[in-house]
Amino acid sequence: MPKIDDSPLGPGFESRLRSALDRVQPTFSSPRYMTPARRAIRVWRLAPAILAAMAVLALSASAFAASSGASPAVLIHRAASAIDSAAHAPDTTTPAEPSTEPVQQEPAKAAPAQSSPEKEAPPRQEPSESPEPTSSQSPEESGDHSNTGSTDTEPANSPSPRGD
Amino acid sequence: MGEAFTPGSPDDFDRLYQTAYPRVFRTLSAILGDPAEAEDCAQDAFVQGFQAWARWRPDAPAEAWIHRIAVNRAISYRRRARLRTIGETLRRLGRPGHGVDPAEVATRPDLLQALRTLPPKLAAAIVLRHYHGYNNREIAAALGVSERTVGTRLRQAAERLRAMLDPAFSLEPPSAFSSDQRESYAED
């Protein structure tokens, strides 16, 4: 420390200041500038434990999601299945109808039996059977019996209106 | 202050801490008036100095360099502490200037209390000059100002101390300082 160039103040002031400041004793605590490095070392020492804890948390979370389905993916899947089941609700209720249908079909089957046996046959079979017997009695075959036939059909033998 | 230090060397910074910490601590005790606050600021200053130790240039003394950091931290600390207290804030609004009532110091004329009433830059100049024995150039390096500003600060600090302390206490007239007295010092 170099000497003071000049001494503008009296020695009384300097001695008083020196005695006042010398009474203040510095506390030599551990240097704080060394603390960040030590903290970094401690963090690096704790790094494996922190990684292990994070791995355990990840595994527990995945196991919980797979088992109970609290994860959003499982909830979405459940919601989709519920929506599908609601959309196909009429198809799923048809098995309950056969219990009512036989009750309605029994009178339907009993009624044709009481009315006429012709209605039991399908309607397409009736025209196929009925024209066959009538086809032999058609007017086309009546031409062959024209000589022995009726007289009112042909006006050839009738007298002419001239009166000759 | 003439010790050789290598910038960035942790061993040299440890050596600087061993030699400069008590002096920095006493400077901050004179500025702040409380040993606990002085220790806190001194430790913070050495933390900041350690982070910037690789950028230190030997053109300025290492102790003056760390003193500069410490005084700046003490200035910030006093400013924050002053703003934290509502009463002191109101007192500051009503009477800008000092955080401690000079009348209270006059009733109990203690030198450290009187130094605490000074602005930190003035108190630092007084302590560096009259306790650590720095010359104007070293004070200028420690405070980051010109030598003329150092002379102005020393003069104004002497005037305020003379008004607060015992009038019989000898303080030489301001003309004894070598710097230009017409220069106004930069005070926040």
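Which side chains meet in a salt bridge at 3.3 Å, N to O? In this predicted model, the partners are Asp12(B) and Arg15(B). This briefing covers that pair, two helix packings in chain B and a surface patch in chain A.

**Salt bridges**

- Side chains of opposite charge can pair when their charged atoms come close.
- Asp12(B) and Arg15(B) share helix H1 of chain B, which spans residues 10-32.
- Three residues, or about one turn of the helix, separate Asp12(B) from Arg15(B).
- Over all chains, the count of salt bridges comes to seven.

**Packing of H3(B) with H8(B)**

- Two packed helices are described by the angle between their axes and the distance between the axes.
- Helix H3 (residues 62-84) and helix H8 (residues 136-143), both of chain B, have axes that come within 7 Å and cross at roughly 50 degrees.
- H3(B) is therefore oblique to H8(B), as angles from 35 to 65 degrees fall outside the roughly parallel and roughly perpendicular classes.
- From H3(B), the residues Ala64(B), His67(B), Arg68(B) and Val71(B) take part in the contact.
- Their counterparts in H8(B) are Glu138(B), Ala141(B), Ala142(B) and Leu143(B).
- By class, this contact of H3(B) with H8(B) holds five nonpolar, one polar and two charged residues.

**Packing of H8(B) with H9(B)**

- H8(B) also packs with helix H9 (residues 147-164) of chain B, at an angle of about 95 degrees and with the axes 8 Å apart.
- That angle makes H8(B) roughly perpendicular to H9(B).
- On the H8(B) side, the contact involves Asn136(B), Arg137(B), Ile139(B), Ala140(B) and Leu143(B).
- On the H9(B) side are Glu147(B), Val150(B), Arg153(B) and Leu154(B).
- By class, the contact of H8(B) with H9(B) comprises five nonpolar, one polar and three charged residues.
- Leu143(B) of H8(B) meets residues of H3(B) and also takes part in the contact with H9(B).

**Nonpolar surface patch in chain A**

- Leu46(A), Ile50(A), Leu51(A) and Met54(A) make a nonpolar surface patch of about 420 Å².
- Met54(A), one of these residues, is found in helix H2 of chain A, residues 35-67.

Methods: Residues numbered from 1 in each chain as written. Chains lettered and ligands numbered in written order. Predicted model: local features only at pLDDT ≥ 70, side-chain atom pairs only at ≥ 80, totals over all residues. Heavy atoms only, no water. Patch = residues over 30% accessible without salt bridge, like charges linked within 9 Å, V, L, I, M, F, W, Y side chains within 5 Å. Areas by Shrake-Rupley, 256 points an atom, 1.4 Å probe, with all protein chains shown as cover. Salt bridge = Lys/Arg side-chain N within 4 Å of Asp/Glu carboxyl O. Helix = DSSP H or I, 4+ residues; strand = E, 2+ residues; numbered from the N terminus. Axes fitted to C-alpha atoms, helices over the stretch in contact; angles between N-to-C directions. Parallel < 35°, antiparallel > 145°, perpendicular 65-115°, else oblique. Contact = heavy atoms within 4.5 Å. Nonpolar A, V, L, I, M, F, W, Y, C, P; charged D, E, K, R; others polar.
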